[in-house]
Amino acid sequence: MERMELIAPCHFGLEAVLKREIYDLGYEIASVEDGRVTFYGDAEAICRANIFLRTAERVLLKVGSFRAETFEELFEGTKAIPWEHYIPKDGKFWVTKAASVKSKLFSPSDIQSIMKKAMVNRMQSHYHVEWFAETGVSYPVRVFLMKDIVTVGIDTSGVSLHKRGYRQLQSKAPITETLAAALILLTPWKKDRILVDPFCGCGTFPIEAAMMAANIAPGLNRSFLAEEWENLIPRRLWYDTIDEANELICDDVEVDIQGYDIDGEVLKAARENAKEAGVSHLIHFQERAVKDLRHPKKYGFIITNPPYGERLEDKETLPCIYREFGESFQMLDSWSAYVITGYEDTERYFGRKADKNRKIYNGMLKTYFYQFQGPKPPKQKK
């Protein structure tokens, strides 16, 4: 099978997590840059990356890279890419997104327009037509300029990979599924340890953890744009990958995963989402305030996304919420807490300085992943 370069974008600050996922799938890493990991694979890798990767935002088929400081260089560099190798005569193609950082070319609309003209020019010469009906399968192009280096990829995923297909209902400020999965993978939590989310909202953290515990591939419940690319990917490869994913599921795994929230209506949504994800039997949801957070088990994990005042009217309640959260945590013997929040006074009101603190961008929003680590459990005698 043809060797390709594939690009997997991710949240800034979480590249190492995605790199490990790709490596565990068996693929060679080409490069790691801010917000993306590039790796080598074949047509099957496109299927497996889309279905198995938990922390990637999408999977792009890299088709070219070149330097461009002028629009003429952008045109010629784009025209030099063998588009006819990827896009059939009736294919629908356009530059769906252009991003530019520290580059002389910075207007997204101009970049998109010039690249489209260059693509048409190249394909007119190859297909010997003046006009493309574009009535066939879609091949959306994404381009990224960094210090005048243009990287071009065709989007194989379509809708972003954080759209797993299970979250039909959501709370006011949900965390994305890909970010939740990445944060869980940043902790030492394993399926034999209890996990509690005291601000679970629509249930994303518990659901992602349960899917990991049961080894349910995140892409099993949705479709991908490249499924229609029969000129590049034989359909049997998608069927084979789905079969592989289904065979790996361990549905009868024993876990203790719990989600609490003070909003009963939101918990209804969480239960429905867990049902859609096929993990409702693995999660216990309960209406409970954070001040009532108690548990008899030791060495448990809290992984959560508490409120952090995205709306002005919520800001005055934050000191009380974080103080109650900290007081409850003190009562949990030997537990660890992992908290993502944009609230700057978290440590002050939580009552403890974090053992580790990691800056992570949730979209354009700067947040911090506070890690309050408890002791490791004693090793069990064999």
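Me: How much area does the protein expose, and what share of it do carbon and sulfur atoms supply?
Reply: Keep in mind that we're looking at a predicted model here. Carbon and sulfur atoms supply 50% of the exposed area. The total that the protein exposes is about 18300 Å².

Me: Okay, what is the radius of gyration, and why does it agree with a compact globule?
Reply: The chain has 382 residues, and a compact globule with that many would come out near 21 Å. The protein agrees with that, because its radius of gyration is 23 Å.

Me: What does the C-alpha trace span along its principal axes?
Reply: Picture the trace laid out along three axes, one number for each. Those spans are about 75 × 45 × 40 Å.

Me: How many helices and strands are there, and what percentage of residues is buried?
Reply: The secondary structure comes to 10 helices and 14 strands. Of the 382 residues, the buried ones make up 52%.

Me: What part of the contacts with a separation of 6 or more comes from residues 24 or more positions apart?
Reply: Here we count contacts whose residues have a separation of 6 or more, then ask which of them join residues 24 or more positions apart. That part is 77%.

Me: How far apart are the centres of the positive and negative side chains?
Reply: There are 52 positive side chains and 55 negative ones. Take the centre of each set, and the two lie 5 Å apart.

Me: Is Ser157 buried or exposed?
Reply: Ser157 sits in the loop between strand E7 and helix H5. Leaving out residues up to four places away in sequence, Ser157 touches Asn50, Arg58, Val59, Arg222, Ser223, Phe224 and Leu225. Its relative accessibility is 1%, and the cut-off for the label is under 20%. So Ser157 counts as buried.

Me: How many of the 10 residues in H5 are buried?
Reply: H5 is mostly covered. Its buried residues pack against helices H1 and H6 and strands E11, E12, E13 and E14. Among those buried residues are Glu177, Leu179 and Ile184. The count for H5 is eight.

Me: And which elements are included in what covers the buried residues of helix H2?
Reply: H2 is mostly covered, with nine of its 10 residues buried. Among the buried ones are Ile46, Cys47, Asn50 and Phe52. The cover includes E1, H1, strand E3 and H7.

Me: Which residue does Arg3 meet in a salt bridge?
Reply: The structure holds 22 salt bridges. One of them has Arg3 as a partner, with 2.7 Å from N to O. It links distant parts of the chain, since the partners are 25 residues apart, with Arg3 in the segment before strand E1 and the other in strand E2. The partner is Glu28.

Me: Which of these labels fits Glu28: buried, partly exposed or exposed?
Reply: Arg3, the other half of the pair, counts as exposed because its relative accessibility is 54%. For Glu28 the value is 46%. That makes Glu28 partly exposed.

Me: Is Asp148 buried or exposed?
Reply: Asp148 forms a salt bridge with Lys104, and their closest N and O atoms are 3.3 Å apart. The pair links distant parts of the chain, 44 residues apart. Asp148 has a relative accessible area of 7%, so Asp148 is buried.

Me: Where do Glu265 and Lys268 lie?
Reply: Their side chains meet in a salt bridge, 3.2 Å from N to O. Residues three or four places apart in an α-helix point the same way, because a turn takes 3.6 residues. Glu265 and Lys268 are three residues apart, about one turn, and both lie in helix H8.

Me: Which residues do salt bridges with shared partners join into one network?
Reply: Side chains of opposite charge can pair when their charged atoms come close. Here, shared partners join several residues into one network: Arg67, Glu69, Lys104 and Asp148.

Me: What is phi of Lys102 near?
Reply: Most residues other than glycine have a negative phi. Lys102 sits in the loop between E5 and H4, and counts as exposed at 67% relative accessibility. Its phi is positive, near 55 degrees.

Me: And what is phi of Asn215 near?
Reply: Asn215 lies in the loop between H6 and helix H7. With a relative accessible area of 36%, Asn215 is partly exposed. Its phi is also a positive value in a residue other than glycine, near 60 degrees.

Note on methods: Residues are numbered from 1 along each chain as its sequence is written. This is a predicted model: local features need pLDDT of at least 70, side-chain atom pairs count only at pLDDT 80 or more; totals for chains, interfaces and linings use all residues. Side-chain values use heavy atoms; hydrogens and water are left out. Helices (H or I, at least four residues) and strands (E, at least two) are DSSP runs, numbered from the N terminus. The radius of gyration is taken over C-alpha atoms; the globule rule is 2.2 Å times the number of residues to the power 0.38. Buried means under 20% relative accessible area, exposed over 50%, partly exposed in between (1.4 Å probe, protein chains only). Contact means heavy atoms within 4.5 Å. Accessible areas come from the Shrake-Rupley method with a 1.4 Å probe; for residues, only the protein chains shown count as cover. Lys and Arg count as positive and Asp and Glu as negative; His and the chain ends are not counted. The place of a charge is taken as NZ of Lys, CZ of Arg, CG of Asp or CD of Glu. A salt bridge is a side-chain nitrogen of Lys or Arg within 4 Å of a carboxyl oxygen of Asp or Glu.
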